[in-house]
Amino acid sequence: MEKIPTKQVDSKPKKQVIDLYAKSERIYVRAYKGLYRNLRNIMAWLLLGAYFISPWFSWDDRQAILFDLPARQFHIFGLTFWPQDFALLSGLLILFAFLLFFITVFAGRAWCGYTCFQTVWTYFFMWAEEFAEGSRNDRVKLDKQPMSLTKFRKKLLKHSIWTIISLATAITFVGYFTPIQELIGKFSSFNFGPWESWWLLFFTVATYANSGYMREQVCKHMCPYARFQSVMFDPNTLIISYDEARGEPRGKGSRKTDVDQDLGDCVDCGVCVAVCPVGIDIRDGLQYECISCAACIDGCNEVMEKLGKPKGLVRYATENVLEGSEYHLLRPRFIGYGVAVIAIAVYIGFQLMSRVPIEVDLIRDRQVLFRDLGHGVIENTYHLKVSNKSQQAMVLRVELNGITQYEYIGDQRLAIGPNATVEQMIRLRVHTDMLDAPKTDITFDVKSTSDNSVKMEQESRFLAPAGQVL
Ligand code: SF4
Ligand code: SF4
């Protein structure tokens, strides 16, 4: 009998290597002109100017904006915030958060596109890149070329500008925490403290890496805002959208032949993708990577202008409008965030205006409740701490209420310099004849000697042995 040949089956399963890491492609952003680019440039220059110039302003013989961590005082022009003002600072942060939500409900990620530090610095670095290496096509060609003197010179120029921007950013940042003039003075001798050195190095490297290399990766993978922004969107949120009804079917034709006549307005030129700093195609719809920079609007408008077609194939539009419905500005979520912003701003404004420029802290001696000095005299001890949170020196007076006759051992007149604190032990001696109960409620009033504009009171108790108070 003839043997039927059998197929040899390899019992060993073949190994399949799946690369879970997709290398990101380098994005070469094309230059473009337009309304939104101008708007973003104005915002960027204002923000960069404010960031780099603010630490150089002075106010009352000190840096106008200084976060003095060792002294635990935050100076912002005429205001000084102390750790006790933490609630106020938290309120400010909550206000900014609600403002961000409000803007997002209205116009999507406008914050990301126009004012986020990552976007502003990335565009600053992209400007340096174009300055040193030329247009998009020149940069693509340059990167493909082997190293030459010209390539080396261009790369060196680009990295030198990036380093200068990164270093200036780091110095300025540290200058908000250490007086910037002192910091610059230390540069000549490189005489920085360990923390200054660490933060200067950290911020230089972080700025260089984030804005020079990581760019859109920060927005895509590191920024939490990109992930939860869509929760705040509704069908009336203005988002950057491609008008599919007008643009499709897309095609490269001239629109002059019969076949071309059936095509939509999108000539599939790819300009909207080439100008996009995160490398996405807006024609694929809303994507979480989109930072709402509006570059694709400007890019597409340039194309439409050349073709003699109306602008706005890519534009700010709402989901409702694109579907043919009406745009509603006033809707519950928008009003809710708006009301919250106004309410928090009013509350913070009121708190700032009614803010007492002193802080009083009074603690009873917890170790010894009272001392019996004999002949019916009882002594209680208190620790008083008064801080002057203003920029002016103050003379304050401490007065006691709740007991009519007493001996106050301590300084009732307190002279405190600006942003200074005085502390003292107070001993209060009272005869038991003056007391109605073993526990007497008292208040220490701390007020300015000139007028009653500054006044703060602290409640406490005077304790005496129960057997001696009748
Ligand atoms: S798609 Fe790209 S270019 Fe258009 S707004 Fe979003 S991030 Fe900017
Ligand atoms: S730039 Fe405008 S016309 Fe060109 S591909 Fe993009 S949407 Fe189409």
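1. Let me start with the overall layout. The centres of domain 1 and domain 2, taken over C-alpha atoms, are separated by 61 Å. Domain 1 is made of two segments, 18–56 and 108–324, while domain 2 covers 358–468. Please keep in mind as you read on that this is a predicted model.

2. Now to ligand 1. Its surroundings comprise 14 residues, and the closest of them are Cys276, Cys290, Cys293, Ala295 and Cys296. By class, the shell around ligand 1 holds 13 nonpolar residues, one polar residue and no charged ones. A small caution on reading that tally: cysteine is counted among the nonpolar residues here.

3. Ligand 2 deserves its own look. There are 15 residues around ligand 2, with Cys266, Cys269, Val271, Cys272 and Cys300 coming nearest. Two elements, α13 (271–274) and α14 (295–307), each give two or more residues to this shell. Of the contributing elements, α14 gives the most, with three residues. The classes in the shell around ligand 2 are ten nonpolar, three polar and two charged residues.

4. Strand β6 (residues 239–242) is a nice one to inspect on screen. Ile239 and Ser241 point one way from β6, Ile240 and Tyr242 point the other way, and all are buried. That fits a general pattern: in a regular strand, side chains alternate between the two faces of the sheet. The partner of β6 is strand β7 (residues 314–317), which runs antiparallel to β6 and is joined to it by four bridges. If you want a single pair to check, Ile240 has Tyr316 of β7 as its bridge partner.

5. Next comes a sheet whose strands fall within the residue range of domain 2. It is an open sheet of four strands in the order β13-β11-β15-β16, with antiparallel pairing. Why does one side of β13 (413–416) and of β16 (455–463) lack a neighbour in the sheet? Both strands stand at the edges and have a single partner strand each, so one side is left free of a neighbour in the sheet. On average, neighbouring strands of this sheet are turned by 25° against each other, direction ignored.

6. Staying with that sheet, β11 (residues 394–401) pairs with β13 in the antiparallel sense over four bridges. Here Arg397 has Arg413 of β13 as its bridge partner. As a general reminder, strands of a sheet pair through backbone hydrogen bonds, either parallel or antiparallel.

7. Leu400 also sits in strand β11. Is Leu400 buried or partly exposed? Leu400 counts as partly exposed because it has 18 C-beta neighbours inside 10 Å, whereas buried would need 20 or more. Leaving aside neighbours within four places in sequence, Leu400 is in contact with Tyr406, Tyr408, Ile442 and Phe444. One of these, Ile442, is 42 residues from Leu400 along the chain, yet their C-alpha atoms are separated by 7.1 Å.

8. Finally, a word on Phe74, which lies in strand β4 (residues 73–76). Phe74 is partly exposed, because 18 other C-beta atoms lie within 10 Å. Beyond its neighbours within four places in sequence, Phe74 is in contact with Phe67, Thr80 and Phe81. Phe74 and Asp85 are eleven residues apart in sequence, and the distance between them, C-alpha to C-alpha, is 9.8 Å.

Technical notes
Residues numbered from 1 in each chain as written. Chains lettered and ligands numbered in written order. Predicted model: local features only at pLDDT ≥ 70, side-chain atom pairs only at ≥ 80, totals over all residues. Near = placed C-beta within 6 Å. Buried ≥ 20, exposed ≤ 12 C-beta atoms within 10 Å, placed from the backbone. Contact = placed C-beta atoms within 7 Å. Domains from an automatic or database assignment. Pairing = 2+ DSSP bridges. Axes fitted to C-alpha atoms, helices over the stretch in contact; angles between N-to-C directions.
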